[in-house]
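Student: I have a model open and would like to talk through its charged pairs and its surface. Could we take them one by one?

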Amino acid sequence: MFATIVLTVVAVMIHDARWLLLVAWPFAGFALWEFARLLFSKRLIAIAVTVTLSLGSAALLGWLYIGLAPTETLTASPASPEKTTQKPLTKSLDSTWSRAYYKCKWDGVMPDQKALEKNTAAFKQYIGVYADTLGAIATFPPIKGGDKAELRPSITDPDKMGNFAEITFETRRLGKDLLGIFTAKYKVDLYGAVSGQKIQPGSDLEVRIRKRIEDLTGVSRGDCELQ
């Protein structure tokens, strides 16, 4: 049984059935125990030999598990990257993602530490109020040169955000540029629903997003422009 299972795993590795190696291990232990009982008359010696060889077989199976890992990604032909840019995949991504970049006017002078902390506190307070209104859970992963907020549906009321699976707001200072970034990820792959929400300059959606970006960056109305 031990040999059969191991050979089966090797034969069908293209389907990654390595988990069967775990099933093979108890059979190795049974076989080792039977051989040890025949070779050694003392029970303690037979047990010690069985345990030692069982650990050795576990190490061998572990080596096989790692050594037989699928290598498709390492041996992919040069033409394989083209598969990731096929039209259906692009359509799928376009239908579930939406993104807008805003470039905002500012003096280009980096605030001191106290001002940065004040900006971050204001950013989190604003997002906190918005998340409560939207019925979302907000998290604030640290980023360099700005602030970021990720909003996801609440576990208790996952449908309150509608078709949104995630919304992110970012403010970044890059050299003399002050950027505001909005990203939305949708739950359902609905071409029509998302295509109807394309962010066009002057649209209702774009105006609402730009207002929030201006509030988050702390600039005056009209100082942020969709890129």
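Tutor: Gladly! A salt bridge here is a side-chain nitrogen of Lys or Arg within 4 Å of a carboxyl oxygen of Asp or Glu. Please keep in mind that this is a predicted model.

Student: Good to know. How many salt bridges does the structure hold?

Tutor: With that cut-off of 4 Å between nitrogen and carboxyl oxygen, the count for the structure comes to ten. One of these pairs is Glu166 with Arg152, whose side chains meet at an N to O distance of 3.0 Å. So the total you asked for, by that cut-off, is ten salt bridges.

Student: Which parts does the pair of Glu166 and Arg152 tie together?

Tutor: The side chains of Glu166 and Arg152 meet in a salt bridge. Glu166 belongs to strand S4 (residues 164–174), while Arg152 belongs to strand S3 (residues 146–153). The two residues are 14 apart in sequence, so the pair links strand S4 and strand S3.

Student: Is Glu166 buried or exposed?

Tutor: Buried means under 20% relative accessible area. Glu166 has 17% relative accessibility, whereas its partner Arg152, at 32%, counts as partly exposed. Glu166 therefore counts as buried.

Student: Which residues are linked with Arg152 in a network of salt bridges?

Tutor: We have already met one of them, since Glu166 pairs with Arg152. The network also takes in a Lys and another Glu. The residues linked with Arg152 are Glu166, Lys148 and Glu150.

Student: Let's turn to Glu206 and Arg210. What separates them in helix H7?

Tutor: Their side chains meet in a salt bridge of 2.8 Å, N to O. Glu206 is buried at 2% relative accessible area, and Arg210 is partly exposed at 23%. Both sit in helix H7 (residues 204–217), four residues apart, so what separates them is about one helical turn.

Student: And in the salt bridge of Arg221 and Glu214, which residue is buried?

Tutor: These side chains meet at 3.7 Å, N to O. Arg221 has 49% relative accessibility and counts as partly exposed. With a relative accessible area of 3%, the buried residue is Glu214.

Student: Now the surface: which helix gives the most to the nonpolar patch?

Tutor: The patch is formed by Phe35, Leu38, Leu39, Phe40 and Ile45, with about 560 Å² of accessible area together. Ile45 is found in helix H3 (residues 43–67) and is partly exposed, at 37% relative accessibility. The helix that gives the most, with three residues, is helix H2.

Definitions and conventions: Residues are numbered from 1 along each chain as its sequence is written. This is a predicted model: local features need pLDDT of at least 70, side-chain atom pairs count only at pLDDT 80 or more; totals for chains, interfaces and linings use all residues. Side-chain values use heavy atoms; hydrogens and water are left out. Patches are made of residues with over 30% relative accessible area and no salt bridge: like charges are joined within 9 Å, nonpolar side chains (Val, Leu, Ile, Met, Phe, Trp, Tyr) within 5 Å. Accessible areas come from the Shrake-Rupley method with a 1.4 Å probe; for residues, only the protein chains shown count as cover. Buried means under 20% relative accessible area, exposed over 50%, partly exposed in between (1.4 Å probe, protein chains only).
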